[in-house]
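Let's take a walk through this structure, starting where the chains meet and then turning to the charged pairs.

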2 protein chains.
Amino acid sequence: MGLHRVVEPAGVLPQAAWRLDARPEIAPNEVRIRVERLNLDAASFRQLWEKHGGDGDAVRAEVLQIVSARGKMQNPVTGSGGMLIGTVEQAGRRSPLGLQAGERVATLVSLTLTPLVILDGLARWDGRSEQVPCDGYAILFARSIVAVLPADLDPQLSLAVLDVCGAPALTARVVSRYVADRQRAGDPTPVRVAVIGGAGKSGSLSLAAARRAGAARTVGVVPVVAERDALAAVGLADSVALADARDPVALSTAVTTALGAPADVTVVCVDVPGCEHGAVLATADGGTVVFFSMATSFAAAALGAEGLAADVTMLVGNGYVPGHAEFALGLLRSESGVRALFEARLAAD
Amino acid sequence: MGLHRVVEPAGVLPQAAWRLDARPEIAPNEVRIRVERLNLDAASFRQLWEKHGGDGDAVRAEVLQIVSARGKMQNPVTGSGGMLIGTVEQAGRRSPLGLQAGERVATLVSLTLTPLVILDGLARWDGRSEQVPCDGYAILFARSIVAVLPADLDPQLSLAVLDVCGAPALTARVVSRYVADRQRAGDPTPVRVAVIGGAGKSGSLSLAAARRAGAARTVGVVPVVAERDALAAVGLADSVALADARDPVALSTAVTTALGAPADVTVVCVDVPGCEHGAVLATADGGTVVFFSMATSFAAAALGAEGLAADVTMLVGNGYVPGHAEFALGLLRSESGVRALFEARLAAD
């Protein structure tokens, strides 16, 4: 778990630590990665971008300052990090991860708990995108999750998918449960799924996952016309609706209109604060909201549902589900709509 | 939903509003309550208490300032509120709540979305307890949840139970699901439940609810010897363990030792920050953590589970479950151990 890398405060896990020891010498159960690219969490990048008014140099300077001070990339405001790709430089003899020097990998654990040193001052990054070219090194622990990059896919494409691979896996699990429960009960009511932020990375994968898990009706909700057109063009959702997720009444009206009823499962994939109440209102009694956005407020969700007397189950989107990397990469390979959205996004970056 | 009472910002629900319109004139679907007592949320009171170094006058002044500025009692740091008891003064002719003037009631929706005016300057409160004697009025909306206080119980006892009645109801629902799934699968493995903060209000009710729902082994975890002895004396849990919930390794070791294995369901009822990682570590793969503490950090929970590669379901504790008030009051009436802990707590206040 990397407890020995925690500098302060003592006794916490690496993710909760203020500062990690990022020294390059590895313990027998650790692995050192030579980093080639960081992928900042969307909520974190947005916060930095807005704080500095779109000044890329200032964004870069703050990322360098954070990593230097903390020994890891963890935005102190959002608490979130991101992930990285690189090459295995040295694998300890007792590491259970099964990695060999020279393998190209992506980390599936957050940067918030990964010891990291940046060596090039991020000289090749303009501070204007979540994708950060970077020379440096990072340390993986025994319980870290890591994926060897597939040979058939562009590494940046794989990284973009792996960054959000927990979302489709958990969406599939939750939707499957509703489908199975209805089948067991002989209830022919279709399972309805809404994905808020359906044109984004986690959103488009979640739409594909919901359909594959047996959702009979799906809607992707997006905030702007360009995203509506892009999502509608690839056919990943039965319908696409335009609404501001921060407006509870507008969001719930859009979802209910598109699905013919409130959603059984609502998946929140937008990285802006204030979407909790709309998601709850858009969900049927007995339904489930899955919050994947790091901008989610625990108190707003808990008190919002109570205040609305809404009998909904609310899940904290866990980024880890067994088999999540393979499942998400499989969706990318088999769903041309997912691939089209990802490739368009990378081309625009 | 009370949208017409939102002053700023426009378009949000009352819980998310910075300021509510607390005028006493009611709309046809509203109810006005004459308040006799507020019950501040534990996380909110603790924050105020610590901020002011235990100066009760300063705590009182800040509560007055908050209610005056916001038209509701919502701690700006914790985001949480509490609840109230009072008497129905006027019920609008189109209110669906079925209340009559003169009935004594407790609100089961949070103070964070309840228009409130304090009329007596909280002159009868010393600022040193969560229980706040108060003359004033509050407004209920059509979708508000309210309970008429039972005649057979002391009102303060009812209020203390109703304040946390979502926790035992949701705990029972989650535990029942594990019990039913194992029965259906013919799996004789006992369902194990850990309640962190087991001697508190929501904790003791959750322990009783877990046992009633079929948990075969339960442990209550508490931070101090006095609580350990009090919880052990009333027999609500199969075992009682002493551990600091903010220390992940200590907490998970205590739970696993007491239950003979990690918990299938871990219920977090302690109102201090930093318990997310320990709760995840204490829970078995395939298990569920239910976070009832308003001090829970969404990001710490999400990233902590991912960082530990922990396949656990994490629930945001929704304060509303249908039938929650009756269920919790029933536990108080039938479980002498619950009642003993509640009465001791009220006597100490």
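In which sense do strand β14 of chain A and β14(B) pair, and over how many bridges? In this predicted model, strand β14 (residues 313–316) of chain A and β14(B) run antiparallel and pair over 3 bridges. Within that pairing, V316(A) sits opposite M314(B) of β14(B).

## Where the chains meet

The contact draws on 53 residues from chain A and 53 residues from chain B. Between them, the two chains bury about 4,600 Å², and carbon and sulfur atoms account for 63% of that area. On the chain B side, the residues that lose the most area to chain A are F298(B), E306(B) and V316(B), which together make up 16% of what that side buries.

## Polar links and building blocks

There's some charge pairing here too: the rule picks out 4 salt bridges across the interface of chain B and chain A. R173(A) and D311(B) are joined by a salt bridge, with N and O 3.0 Å apart. Polar contacts across the interface come to 14 residue pairs, both residues being at pLDDT 80 or more.

Which parts of chain B supply the side that touches chain A? At least two residues each come from α4 (166–185), α7 (248–259), α8 (276–281), α9 (298–307) and β14 (313–316) of chain B. The largest share belongs to α9(B), with 10 residues. Sorted by character, the residues on this side of chain B split into 29 nonpolar, 16 polar and 8 charged.

## Salt bridges within chain A

Zooming out, a search of the whole structure turns up 48 salt bridges over all chains. One pair to look at is D238(A) and R211(A), whose closest N and O atoms are 3.1 Å apart in a salt bridge. Why does this pair tie together separate parts of the chain? D238(A) lies in the loop between α6 (225–234) and β11 (239–242) of chain A, while R211(A) lies in helix α5 (residues 201–212) of chain A, so the salt bridge links parts that are 27 residues apart in sequence.

How accessible are the two partners? D238(A) has a relative accessibility of 42% and counts as partly exposed. R211(A), at 34% relative accessibility, also counts as partly exposed.

## Salt bridges within chain B

Over in chain B, the side chains of E8(B) and R19(B) form a salt bridge at 3.5 Å, N to O. E8(B) belongs to strand β1 (residues 6–8) of chain B and R19(B) to strand β2 (residues 19–20) of chain B, so the pair ties together parts that are 11 residues apart in sequence. E8(B) is partly exposed at 36% relative accessibility, and R19(B) is partly exposed with a relative accessible area of 33%.

Then there's D187(B), which meets R182(B) in a salt bridge at 3.9 Å, N to O. Buried or exposed: where does R182(B) fall? R182(B) has a relative accessible area of 16%, which is under the 20% cut-off, so R182(B) is buried. D187(B), by contrast, is partly exposed, with a relative accessible area of 32%.

## A shared network

Some salt bridges go beyond a simple pair. In chain A, salt bridges that share partners join R32(A), R34(A), E89(A) and D135(A) into one network.

Terms used:
Residues numbered from 1 in each chain as written. Chains lettered and ligands numbered in written order. Predicted model: local features only at pLDDT ≥ 70, side-chain atom pairs only at ≥ 80, totals over all residues. Heavy atoms only, no water. Contact = heavy atoms within 4.5 Å. Buried area = accessible area lost by both parts, 1.4 Å probe. Polar contact = N/O pair within 3.5 Å; in protein donor to acceptor, adjacent residues only side chain to side chain. Helix = DSSP H or I, 4+ residues; strand = E, 2+ residues; numbered from the N terminus. Nonpolar A, V, L, I, M, F, W, Y, C, P; charged D, E, K, R; others polar. Pairing = 2+ DSSP bridges. Buried < 20%, exposed > 50% of the residue type's maximum accessible area, 1.4 Å probe, protein only.
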